[in-house]
Amino acid sequence: MHCGLVHTKLLAYIDGALPAEEESEVAAHLAGCWSCTQELAMLRREAGDLRSALSVSPPPGLEPAILRRIGALARSGRAENTWESLAGHRLWRSVVVAAAALALAFAGLAVISPPAYAMVISNMARLGAHVNAVASQRFPAWAEFVRVVESLRMLVGI
Amino acid sequence: MASSLYWPDVVREYSSQLFSIALHTLGRREDAEDVVQETFLRAYVAVERRGVTVHTSMRAWLARIAVNLCYDKLRSRGRAELPAGSGSETLSVLDREPRDRQRRGEPGPEELVLMAETADNLAEAVQGLPENHRVAVVLRYGLDLSYREIAQVLEVPENTVATWLRRAHLALRRRARLGEDARCTAG
C-alpha cells in the first residue's frame, strides 16, 4: 500500500471503521513510514480539536421546556385514550347506532302514517305482553320483578 | 401503549448532544432550540402513541429525527447551504462546555482566550463546509456516532461517510492554513 492510498484511509483507521484486512495493511505501513505517522498524528489532533469545538452547553431553560411539553402531551394522550375506550368500543357504538336508527324510523312512521304507527305500537305492546307472560312462567324471579315494577308504577301514578 | 422509557432521563442524556447537532448544522440558537424540542416531542409520540420500537441506538435514532428537522429548517429558509462564517454570532466561547476546557489541564487566562479563539474559529469553519460534510462532522465529533450509525442516520453507504469526513478534514485544514497566512501577512 503506497502513502497516497494510506492517507485516504487514515481517518477511518483512527475511527476503527476499516475492514480488518485493510486495518492490518495500514498498521503495517505506518510501522515503517514517518510521513504517514505524522499525518496520523495530525488527524488525531484535528479530531480532538473538533470534539472540543463542537461541544456546546444547551440553554438552561431547554430541558425544563421539553419536559413541560412532553408532560402536556402525556396528559392530552391520557384524555384521548379515555375517550377512545368509551367512544371507540365496537359494541357500544353499534348499540347507539341501532337505537338512533330505530327512534328515527318510529318518528318517521308517526309523521308519514299515524294509523300504521298506532298499529305497530299496539302490536309491539301485544308482543311485549306475550314475552312477559312466557318469561314470567319460565322465570319466577322475572314475574316478581314485574310485580314490583307494577306496584311502584301504581304508587307513583304513571 | 406505555413504554419502559423514563423521558426525563432521555431528555437529560441527549438534549446537549442534539443541541450541538442542531446548532452546528443550522448556526442559530433559536432554531437549534426549536429542533431539539421538536425532536423529543416526535420521539415521544412515536414511542408512546404509535408504539414504535427503537431498533438502532436511541442516540442514532434521535439524531436522525434531529437531522431531518434541520434539513426541513434549511429548506424552509430557502437556502441549501449556509454561507461560511454565518454562525459566528451564535457560537461563542461561553457556549463551550467547561469540562472541555478543563480537559486540557487548567490553562491560564491568556491561553484560555487563545484556545477559545481557535475553537470558535474551528466551529465557524465547520459552518462553512458543504451541508453533507458539515452534518457528518457534527454527528461524528459532536455526537460521537460511529461511521455505521452516521450512514444509517444519513441513509448513505459507510464509504460515503468516510469520504465526506476525510474531505471535511482537508477543507478545514486548508482553511486553517489560509487563516494563518492571513494573520502572517497582516502581522
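Visitor: How many residues of chain B are in contact with chain A, and what makes a pair count as a contact?

Guide: In this predicted model, 39 residues of chain B are in contact with 28 residues of chain A. The test is C-beta atoms within 7 Å.

Visitor: Which helices of chain B supply the side that touches chain A?

Guide: α1 (7-26), α2 (29-49), α5 (109-127), α6 (131-142) and α8 (158-186) of chain B each supply at least two residues. α1(B) gives the most, with 10 residues.

Visitor: What is the make-up of that side by class?

Guide: The side of chain B that touches chain A has 21 nonpolar, seven polar and 11 charged residues.

Visitor: Why is Leu69(B) called buried?

Guide: Leu69(B) has 23 other C-beta atoms within 10 Å. The cut-off for buried is 20 or more. Leu69(B) is therefore buried. Leu69(B) lies in helix α3 of chain B.

Visitor: Why is Arg64(B) called partly exposed?

Guide: Arg64(B) is also found in a helix, α3 (residues 58-77) of chain B. Arg64(B) has 18 C-beta neighbours inside 10 Å. Buried needs 20 or more, and exposed means 12 or fewer. The count for Arg64(B) falls in between, so Arg64(B) counts as partly exposed.

Visitor: Where does the chain bring distant parts of the sequence together at these two residues?

Guide: Arg64(B) and Val153(B) are 89 residues apart in sequence, yet 4.8 Å apart in space, C-alpha to C-alpha. Leu69(B) and Ala22(B) are 47 residues apart in sequence and 8.8 Å apart in space, again C-alpha to C-alpha. Leaving aside neighbours within four places in sequence, Leu69(B) is in contact with Val35(B), Glu38(B) and Thr39(B).

Visitor: Which residues have the most contacts inside the largest nonpolar core?

Guide: That core has 63 residues. Those with the most contacts inside it are Ala22(B), Ala63(B), Ala66(B), Ala136(B) and Leu139(B). Take Ala63(B). Beyond its neighbours within four places in sequence, Ala63(B) is in contact with Ile21(B), Leu139(B), Leu143(B), Leu145(B) and Val153(B). In soluble globular proteins, nonpolar side chains tend to be buried together.

Visitor: What are the elements of each chain, and how much of each is buried?

Guide: Chain B has eight helices and zero strands. Of its 187 residues, 37% count as buried. Chain A has seven helices and zero strands. Of the 158 residues of chain A, 13% count as buried.

Visitor: What share of the contacts in each chain join residues at least 24 apart?

Guide: Take contacts between residues at least 6 apart in sequence. In chain B, 71% of these join residues at least 24 apart. In chain A, the share is 45%.

Visitor: Why are α6(A) and α7(A) called oblique to each other?

Guide: The axes of α6 (residues 114-138) and α7 (residues 140-156) of chain A come within 5 Å and cross at roughly 125°. Roughly perpendicular ends at 115, and roughly antiparallel means over 145. The angle fits neither class, so α6(A) and α7(A) are oblique. The contact is made by Asn132(A), Ala135(A) and Ser136(A) of α6(A) and Trp142(A), Ala143(A) and Val146(A) of α7(A). By class, this contact has four nonpolar, two polar and no charged residues.

Visitor: What is the average pLDDT of chain A, and which element has the lowest mean?

Guide: Chain A averages a pLDDT of 85, and 90% of the residues score at least 70. Among the elements of chain A, helix α4 (residues 62-87) has the lowest mean, 76. Helix α2 (residues 20-31) of chain A has the highest, 93. Where pLDDT is low, the predicted coordinates should not be read in detail.

Methods:
Residues are numbered from 1 along each chain as its sequence is written. Chains are lettered from A and ligands numbered from 1 in the order in which they are written. This is a predicted model: local features need pLDDT of at least 70, side-chain atom pairs count only at pLDDT 80 or more; totals for chains, interfaces and linings use all residues. Two residues are in contact if their C-beta atoms, placed from the backbone, lie within 7 Å. Helices (H or I, at least four residues) and strands (E, at least two) are DSSP runs, numbered from the N terminus. Ala, Val, Leu, Ile, Met, Phe, Trp, Tyr, Cys and Pro count as nonpolar, Asp, Glu, Lys and Arg as charged, and the others, Gly among them, as polar. A nonpolar core is a set of buried Ala, Val, Leu, Ile, Met, Phe, Trp, Tyr and Cys residues joined through C-beta atoms within 7 Å. Axes are lines fitted to C-alpha atoms, for helices over the stretch in contact, and angles run from 0 to 180 degrees between N-to-C directions. Angles under 35 degrees count as roughly parallel, over 145 as roughly antiparallel, 65 to 115 as roughly perpendicular and the rest as oblique. pLDDT is the predictor's confidence in each residue, from 0 to 100.
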